Amino acid sequence: MAKRPSHPNEEIEAAVSHAEALGWSWSKVGGHAWGRLLCPHHDRDGCVLFVWSTPRNPENHARQLLRQIARCPHAKQEDDGEDL
């Protein structure tokens, strides 16, 4: 698997790296989006976040990504499953 290119904005790159550390996967998409983040629940019902290439306010976009990653209900299910 090819290595993911780094996002030009450091705050967004940190948010994407944080997501990958939690098991999210990144995939390249076309258009205005730089990429797409898929939550660890690899199914139709999994969470999908689009990472913009040049958002108007990169700091707000990075915070939005971190907030949505923290709210992913599938991460909690994965943690609950490991404890059993």
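Before we look at anything, one cut-off: buried means under 20% relative accessible area, exposed means over 50%, and partly exposed is what falls in between. With that in hand, E20 is partly exposed, because its relative accessible area is 31%. And please keep in mind, everyone, that this is a predicted model.

Let's stay with E20 for a moment. Its side chain meets that of R4 in a salt bridge, at 2.8 Å from N to O. E20 sits in helix α1, residues 10–21, while R4 belongs to the segment before α1, so this pair ties together parts that are 16 residues apart in sequence.

What about R4 itself, buried or exposed? R4 counts as buried, because its relative accessibility is 16%. R4 also has a salt bridge with the side chain of E13, again with 2.8 Å from N to O. Here both partners, E13 and R4, are buried. Put the pieces together and you have R4, E13 and E20 linked in a network of salt bridges. How many salt bridges turn up in a search of the whole structure? The search finds 2.

Now, over to the strands. If you have the structure open, please find β3, which covers residues 48–52. This strand has two faces: L49 and V51 make up the covered one, and V48, F50 and W52 the uncovered one. Those residues of the uncovered face, V48, F50 and W52, also form a nonpolar patch on the surface, and together they have about 270 Å² of accessible area. Take F50 as our example from that patch. F50 counts as partly exposed, because its relative accessibility is 40%, and that value lies between the 20% and 50% cut-offs I gave at the start.

Which strand pairs with β3? That would be β2, residues 33–38, and the two run in the antiparallel sense, with 5 bridges between them. Within this pairing, the residue opposite F50 is R36.

R36 is a handy link to my last stop, which is S27. You'll find S27 in strand β1, residues 25–27. Leaving aside residues up to four places away in sequence, S27 touches G35 and R36. So R36 appears twice in this story: it stands opposite F50 in β3, and it is in contact with S27. As for S27, this residue counts as buried, because its relative accessibility is 18%.

To recap, we have seen a salt-bridge network of R4, E13 and E20, and a nonpolar surface patch of V48, F50 and W52. Thanks for listening, and I'm happy to take questions!

Technical notes
Residues are numbered from 1 along each chain as its sequence is written. This is a predicted model: local features need pLDDT of at least 70, side-chain atom pairs count only at pLDDT 80 or more; totals for chains, interfaces and linings use all residues. Side-chain values use heavy atoms; hydrogens and water are left out. Patches are made of residues with over 30% relative accessible area and no salt bridge: like charges are joined within 9 Å, nonpolar side chains (Val, Leu, Ile, Met, Phe, Trp, Tyr) within 5 Å. Accessible areas come from the Shrake-Rupley method with a 1.4 Å probe; for residues, only the protein chains shown count as cover. A salt bridge is a side-chain nitrogen of Lys or Arg within 4 Å of a carboxyl oxygen of Asp or Glu. Helices (H or I, at least four residues) and strands (E, at least two) are DSSP runs, numbered from the N terminus. Buried means under 20% relative accessible area, exposed over 50%, partly exposed in between (1.4 Å probe, protein chains only). Two strands pair if DSSP finds at least two bridges between them. Contact means heavy atoms within 4.5 Å.
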